[in-house]
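Here's a protein model to look through together. Take a moment with it, then read on for a pocket, a sheet and some ring pairs.

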Amino acid sequence: MMKHMSLAEIATACGGTYVGDDSLKTVEVNGVVIDSRKVEPGYLFVAVKGERVDGHTFIPSVFDKGAACVLCEDAPEQPAGPYIQVSSTLEAIKAIAACYRSTLTIPVVGISGSVGKTSTKEMIASILGQHFHVLKTEGNFNNEIGLPLTIFRIREEHEAAVLEMGISDFGEMTTLASMAKPTVCVLTNIGLCHLENLKTRDGILKAKTEMFDQAMPGAQIIVNGDDDKLITLKSRTPQPTFFGLDPSLDLYAENVENLGLAGSRCDFVTKAGRFTATIPIPGHHMVYNALAGTAVGLALGLTLDEIRAGIETLKPVSGRNHLIHTDKWDILDDCYNANPVSMAASLDVLTNALGRKVAILGDMGELGPDYAALHRSVGEYAAEIGIDLVCAIGPMSKEIAEGAASDGTKALWFETKADFLAQTKDILKDGDNVLIKASHGMEFPEIVEALR
């Protein structure tokens, strides 16, 4: 059950009008959802008007399922239970989430950055899970709708929450962080994402650091000190904790050993002591994720043994550098999303492989007018670091293929996934290491499934 969330308190929090039996105003809801299929007895159902579906049409069915109340914009006809009417249900759930968060006393870790938010979130949750019962963001629930729904999932048994926050414009982080009110803020890096609105890396830095102004008083700030933009936060008061590979930082990693697609091993040096850990997921960036997790663990009082155990028991997430062994080839499934920085990072991971390295890459969205040059640069980078074969799929990805080919790497271009899949038997060889990556809209999990 969600404590301190009676129907009367919910109506007050969002400025809504309660309509129904006054004796039910003291009822506390068990959960909050916008998907009628997820309604359980005692839940608050929020009717959202989407592009394709209007949640108001499901109000009769959610009462049949035992919903305690409905939050709606249009008054339902002959409702079978109480409802709270507001002018905007989307604005209302943000206000309710902020109110609910204000009743919680647990540590809340807020994570953002251009690349690596999700893998860092998973690492931090794995580490904190050695000591606390942790609630973490699931899937892509990191925006103005997903974040409040995640906050509503925090229950009495949870002892810490790890919340991912994704933005694409100025002001969005202020909205998200004012709901999350983090007690620990983590920024992974400042890369080339969402340039349509944020224009430059300085713009991205400005937008991401809005988090700090909305954090809880006395919140700890943890950032990547090897990032040329984030290191400028050294002039902040109080100063953040900086992590990276530079030995002058607050905590750093050294003696990094590449174990191929099995991950890496390194020494972690902190003010509390040093330890060695094996990171079970490949990629140089995972060392940074482990450093961020170590900093958060230390900030919340974990021992070095607990932190090491959290690093070494990390489980991969589907679509995020998820290594899949098949009887023919090893697949690196990183097709959750893509931008030029994360593409380069994934290609770097592929270089760790022992054997032929094949990159199956697709279109990247939201890159603004420079999209052609940015796609081309990915192909050039693949060639520069020694990828053996680049298969580019999609209209914009023709530039990836041309970029790779111009530097002498074998590159093939396909207009559609179907065109590529029709020829995979001629393209891929037994023993290949295959990276699969594109923007979410390209639906590359279909390729992963076909190759499995």
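What kinds of residues make up the lining of the second largest pocket: nonpolar, polar or charged? There are 13 nonpolar, eight polar and 11 charged residues in that lining. Keep in mind that this is a predicted model. Altogether, 32 residues line the second largest pocket, and the space inside is about 900 Å³. If you want to find the pocket on screen, look for Ile34, Asp35, Arg37, Lys38 and Leu149, the lining residues that lie nearest its centre.

Which elements give two or more residues to this lining? They are strand S2 (31–33), strand S3 (43–46) and helix H5 (146–152). Helix H5 gives the most, with four residues.

Next up is a sheet. It's an open one with nine strands, and the pairing is mixed. Going across, you meet the strands in the order S7-S8-S6-S9-S10-S11-S12-S13-S14. Strand S7 (134–136) and strand S14 (273–279) are the edge strands: each has a single partner strand, so one side of each has no neighbour in the sheet. On average, neighbouring strands here are turned by 15° against each other, if you ignore direction.

In general, the strands of a sheet pair through backbone hydrogen bonds, and they can do so parallel or antiparallel. So how do strand S6 and strand S9 run? Strand S6 (residues 108–112) and strand S9 (residues 184–187) run parallel, joined by four bridges. To pick out one residue pair, start at Ile111 and go across to S9, where its bridge partner is Val186.

Now for the rings. The structure holds three aromatic pairs. Two numbers describe such a pair: the distance of the centres and the angle of the planes. Two of the pairs are set out here, including their arrangement.

| Aromatic pair | Centre to centre | Angle between planes | Arrangement |
|---|---|---|---|
| Phe268 and Phe275 | 4.9 Å | 10° | stacked |
| Phe414 and Phe420 | 5.4 Å | 75° | edge-to-face |

Why is the pair of Phe414 and Phe420 edge-to-face? Their planes stand at 75°, and planes over 60 degrees apart count as edge-to-face. For Phe268 and Phe275 the planes are 10° apart, and an angle under 30 degrees counts as stacked.

Are these rings' residues buried or exposed? Phe268 and Phe275 are both buried. Phe414 has 6% relative accessibility, so it counts as buried, and Phe420, at 0%, counts as buried too. The cut-off behind that reasoning is under 20% relative accessible area.

Notes
Residues are numbered from 1 along each chain as its sequence is written. This is a predicted model: local features need pLDDT of at least 70, side-chain atom pairs count only at pLDDT 80 or more; totals for chains, interfaces and linings use all residues. Side-chain values use heavy atoms; hydrogens and water are left out. On a 1 Å grid over the protein atoms alone, a cavity is a set of points where a 1.4 Å probe fits but cannot get out, and a pocket is an open set with protein on both sides within 12 Å along at least five of seven lines; lining residues have an atom within 4 Å of a point. Grid points are joined across faces, edges and corners, and a volume is the space filled by probe spheres set on the points. Ala, Val, Leu, Ile, Met, Phe, Trp, Tyr, Cys and Pro count as nonpolar, Asp, Glu, Lys and Arg as charged, and the others, Gly among them, as polar. Two strands pair if DSSP finds at least two bridges between them. Axes are lines fitted to C-alpha atoms, for helices over the stretch in contact, and angles run from 0 to 180 degrees between N-to-C directions. Rings of Phe, Tyr and Trp (its six-membered ring) pair if their centres lie within 6.5 Å; planes under 30 degrees apart count as stacked, over 60 as edge-to-face and the rest as tilted. Buried means under 20% relative accessible area, exposed over 50%, partly exposed in between (1.4 Å probe, protein chains only).
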